[in-house]
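Please look over the model shown here. The report that follows walks through some of its spaces, helix contacts and backbone details.

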Amino acid sequence: MSAKAITEASGKDILNRHLNTHGAGAATCRFATVNATTDWSKLSVDQPWLLTTPLVVKPDQLIKRRGKLGLIGVKKNFEQVKQWIGERLNKDQKIGNAVGKLRNFIIEPFVPHTDAEEMYVCIYSNRAADTILFYHQGGVDIGDVDAKAVKLDVPVNSTLSLADVKSKLLKEVKDAGTKERIAKFISALYTTFVDLYFTYLEINPLVVTADNLYILDLAAKLDSTADFICRPKWGEIDYPPPFGRDAYPEEAYIADLDAKSGASLKLTILNRNGRIWTMVAGGGASVIYSDTICDLGGASELANYGEYSGAPSEQQTYEYAKTILNLMTSSPKHPDGKVLITGGGIANFTNVAATFQGIITALREFQPKLAEHNVSIFVRRAGPNYQEGLRRMRDFGSTLGIPLHVFGPETHMTAICGMALGKRPIPQAASVEFSTANFLLPGGQQAQADLKAASEAGEVLGSALSPTAAKPIKLPPISADEGDNSASVGGAHRNGSSLNRKFFSNTTKAIVWGMQQRAVQSMLDFDFICRRDEPSVVAMVYPFTGDHKQKYYWGHKEILIPVYKKMSDAIHKHKEVDVMVNFASMRSAYESTLEVLEFPQIRTVAIIAEGIPENMTRKLIIEADKKGVAIIGPATVGGVKPGCFKIGNTGGMLDNILHSKLYRPGSVAYVSRSGGMSNELNNIISKATDGVIEGIAIGGDRYPGSTFMDHILRYQADPETKLIVLLGEVGGTEEYDVCAALKDGRITKPLVAWCIGTCASMFTSEVQFGHAGSCANSDRETATAKNKGLREAGAYVPDSFDTLGELIHHVYGELVKTGRVVPKEEVPPPTVPMDYSWARELGLIRKPASFMTSICDERGQELIYAGMPISEVLSKDVGIGGVISLLWFQRCLPSYVCKFFEMCLMVTADHGPAVSGAHNTIVCARAGKDLVSSVVSGLLTIGDRFGGALDGSARQFSEAYDTNLHPMEFVNKMRKEGKLILGIGHRVKSINNPDVRVKIIKEFVLENFPACPLLKYALEVEKITTNKKPNLILNVDGVIATAFVDMLRNSGSFTSEEAQEYINVGAINSLFVLGRSIGFIGHYMDQKRLKQGLYRHPWDDISYVIPEQYN
């Protein structure tokens, strides 16, 4: 939802901070808020005026007409206010059908005034303008303000003049001075309204005294999608639930998940103890499921409303499912058991298998509690990879121990509601699809054979669930030439005839804004199976990369599509383009759309993003209207013209496009708000008729760029369209424009219509459904009223969504019977090769992996190090040594080993700037090289002569010890072979000037390791070598190498073969490489910090040995 109500305290706080900056001249609103946790003593200290002035007290919980309900206490002192609140705090209060507890109150100073000084002001937004209402008499007895108040419409993107306010709103205000003050106040209020993205602001009364203006009662709504713009001005805003519904922490948790996700996650708890719980995918589908449950008599038992959509990740779906299952199993048991309806339409781009995996994980976690509460689960879903998702769900259901029934697109979307509530039989077998596109899925042959045998045995099939006896339908008379004259009938609407045209054809060319590779490939695959001569996408625009070309598939071959940094470059180089598909985010969709409207060749723009602030959308509508450009969206998946063109992900995967016959035109055109439901309509229409000729999802926002009527009149004017389908919803009044057009003859073609959201009137408190615009602000905006109006106007309206497909089938059948539709012979589409990645995900192919890894896995819900989740790595505080043990050795090593690793890193981190590695790093840094280049130059010097002697030292000492060579024999052998003993000797340190680093590690190992024979052997060797020369000591390389071998052999964590393998592969040197990298980075940063210039080695430190004579 975009327009969200805020508390009176929040609204007054915002006005206090901003209203008078625009010259309102209003008194600051003084108020104090009170709830159950309020410390009254502290409150009176913080707000001393509470003790010295008469007070007004009232609940602050979005309750309308508080005065009429006796919920305002007037002219009370502080103690009386405490008593008044105490008598009502946490007490049940019935308001209309809603029953709730009073928990939040606001206290204000009483403002002495007369009735004549009370006035009424209200501002609210609508599609084309902001409306200001003013009435010179305000207060609780104002009555029907819509009938009494003077109205002034301020067109979007225009300014409000004082002259207009005075002449049009303030006619009844006689005093010139008072009129001037009120005019300035209204002007400032409107400026604040626009600047701060209010959608509704009502003051009743506004008290105008001789010396000041006071805002007494305030009701306000903000456009919550403008948070990224207005948060610095708004501050932290809480959006309270409507009265009668408590705010639950689970709702706040899901709202927080939603805010942090690109997907949509919504949850409203209606009845904590209800037995019917839903987990529905899609904003439109979630409303329809609630409608159906209520139609079947389940309104009082419906526990929640919610939806997940927009391709949530497996982890997000798991968190969402876990929250609902926790709510479901923590409430009291129900004698009839509980049901969980996991439904959804046919997804456009959400990977059903991935989301189902998250749900399965949550179900597995809650299995004992689900069985304890006697829960039955009903699943219906379709969309990308749905076959694998349903297979996983069925397989899991066989082990769950509770009833779990799974259905796909072969079953009507809401049929599982009737099954769950015992109103419809549960089929024993379902007519499941075992192929995707033109490919048979794994196990499909056997599954199809089993299904055929079941059907021959007379089992009930899912496809036989919904049909009922056909009822005769009388159609209005339609002349044989209606297609020829309908264009003139439908021409009179917005922009004259600018939108009364075909948006798409089989030669339509488009630019896509955004790096949406999957969506573009989907559009190209659609083009190919529609037998288009050329791809519909000719260019992409993405400002965050330079101009380049992107590779895509056109059928079997690869093609390149240019990607431009600037829109102007793309437009100028592709003059044939007239459509722009805009995948920009909610933050940048406005600017990118405004930019493209500057190019006259663009005639249609589809805006996909959800959450664009309403003020921005309304400005886009105004600009597009001026230029005759059609906008589809925002908050839409787009639309489809079968056989011609599709927008982005519309229609879903190829298997759904083929099943819904979208590769060739039919005779039925539809318009819907919901993008997800548009795919369901494709499915329904393809089964009930010869298919879709065009379908548009105008988007779920309150102000879509184009309206139902814009598209219905286009369909009316198209001679190829024979039947029109409208899927409206609760909220707004656009459907009444359709009623008027039916009555006055602008629409003559058969129109089948249904408005979703009929359940809204059955709830005791207001529920905001998945779409921003699906909320009724009056009885006229309810779905029930709209359906009644459409039926009375001449549309064909079913009894429920459940029977929508049947009604479409009956009307279509009548059109065929009367010859107005002549079905065409079906032509099979060409085969499109399946993408490798998708084929592999579906299990259709296999290939050897290019890489194997056994130490880390980033694919699941969290990063895993050698089997240990990263959260556990941190919570157990294993340290860097523990991480090394996991990633290098695939196991948790003892704590003394981890400590040894960390000590080695510390003592090897640096040994001054003179050693070769540090020297190289410094030289590179001073040459202006970057960090990585400089550090690598230092690392490349590590070898047997510098730092890299650990592996060699370990091998030499190990071989000597393992062959039982006496230390003296080992020394003599190495001298005889002319080899250095690696790990022995130091340029600076000696037996008389020992290396402290060696001493520290040696003492730790001798004290903590269970056994260290190789280190002791090396120390015996040291005694022999230092007798010959005092600097032939056991150095850092030697002590670490021998101790490392002792750890491998004697810690009990490795077999002898594993220990030897680590020695052979060079693992021991890794400690020096990792440790010294720390020092190299330090030297790099030190040189940069000291701003050292280019290094040049001095001549006097170079011995030039040049031949005296050239030979």
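This report takes up a pocket, a cavity, three helix contacts and some backbone details.

## The model

Keep one point in mind while reading: this is a predicted model.

## The second largest pocket

Start with an open space. The second largest pocket has a volume of about 1,200 Å³. It is lined by 34 residues. Closest to its centre are R945, I984, G985, H986 and N1035.

Which helices supply at least two residues each of this lining? They are α30 (895-908), α34 (967-976), α36 (1013-1028), α37 (1036-1050) and α39 (1069-1089). The largest share comes from α34, with 3 residues. The chemistry of the lining is mixed: 15 residues are nonpolar, 10 are polar and 9 are charged.

## The largest cavity

Now turn to the enclosed spaces. The structure holds 3 cavities of 30 Å³ or more. The largest cavity has about 60 Å³ of space.

Its lining is made of L15, N16, L19, N20, A26, A27, T28, C29 and I215. Of these residues, 6 are nonpolar and 3 are polar. No charged residue lines the largest cavity.

## Helices α31 and α32

Next come the helix contacts. Two packed helices are described by the angle between their axes and the distance between the axes.

Take α31 (residues 916-926) and α32. Their axes come within 7 Å and cross at roughly 155°. Angles over 145 degrees count as roughly antiparallel, so α31 is roughly antiparallel to α32. The crossing of α31 and α32 is right-handed.

On the α31 side, the contact is made by G917, N920, T921, C924 and A925. On the α32 side, S934, V935, S937 and G938 take part. By class, the contact of α31 with α32 has 3 nonpolar residues, 6 polar residues and no charged ones.

## Helices α32 and α39

Helix α32 (residues 931-939) also packs against α39. The angle is about 130°, and the axes are 9 Å apart. How do the two helices lie relative to each other? The angle is neither over 145 degrees nor in the range from 65 to 115, and it is not under 35. The pair is therefore oblique. The crossing of α32 and α39 is right-handed.

In α32, the residues in contact are L931, S934, V935, G938 and L939. In α39, they are V1073, S1077, F1080, I1081 and Y1084. This contact has 7 nonpolar residues, 3 polar residues and no charged ones.

Some residues of α32 serve twice. S934, V935 and G938 touch α31, and S934, V935 and G938 also meet α39. Helix α39 has a further role, as it supplies at least two residues of the lining of the second largest pocket.

## Helices α35 and α36

The third pair is helix α35 (residues 996-1008) and α36. Their axes come within 10 Å and cross at roughly 135°. That angle makes α35 oblique to α36. The crossing of α35 and α36 is left-handed.

Which residues make this contact? From α35 come K1002, V1005 and L1006. From α36 come L1015, K1016 and L1019. By class, 4 of the residues in the contact of α35 with α36 are nonpolar, 2 are charged and none is polar. Helix α36 is another of the helices that supply at least two residues of the lining of the second largest pocket.

## Cis peptide bonds

Now look along the backbone. The peptide bond from N204 to P205 is cis, with omega near 5°. P205 sits in strand β11 (residues 198-208).

Another cis peptide bond joins G633 and P634, and its omega is about 5°. Where is P634 placed? P634 is in the loop between β28 (630-632) and β29 (639-641).

## Positive phi angles

Finally, check two phi angles. R531 has a positive phi of about 60°, although R531 is not a glycine. R531 lies in the loop between α17 (517-529) and β23 (537-541).

Q890 also has a positive phi, near 60°, and is a residue other than glycine. Q890 is found in the loop between α29 (879-889) and α30. Helix α30 is one of the helices that supply at least two residues of the lining of the second largest pocket.

Technical notes
Residues are numbered from 1 along each chain as its sequence is written. This is a predicted model: local features need pLDDT of at least 70, side-chain atom pairs count only at pLDDT 80 or more; totals for chains, interfaces and linings use all residues. Side-chain values use heavy atoms; hydrogens and water are left out. On a 1 Å grid over the protein atoms alone, a cavity is a set of points where a 1.4 Å probe fits but cannot get out, and a pocket is an open set with protein on both sides within 12 Å along at least five of seven lines; lining residues have an atom within 4 Å of a point. Grid points are joined across faces, edges and corners, and a volume is the space filled by probe spheres set on the points. Helices (H or I, at least four residues) and strands (E, at least two) are DSSP runs, numbered from the N terminus. Ala, Val, Leu, Ile, Met, Phe, Trp, Tyr, Cys and Pro count as nonpolar, Asp, Glu, Lys and Arg as charged, and the others, Gly among them, as polar. Axes are lines fitted to C-alpha atoms, for helices over the stretch in contact, and angles run from 0 to 180 degrees between N-to-C directions. A crossing is left-handed if the near helix is turned anticlockwise from the far one by less than a right angle, and right-handed if clockwise. Contact means heavy atoms within 4.5 Å.
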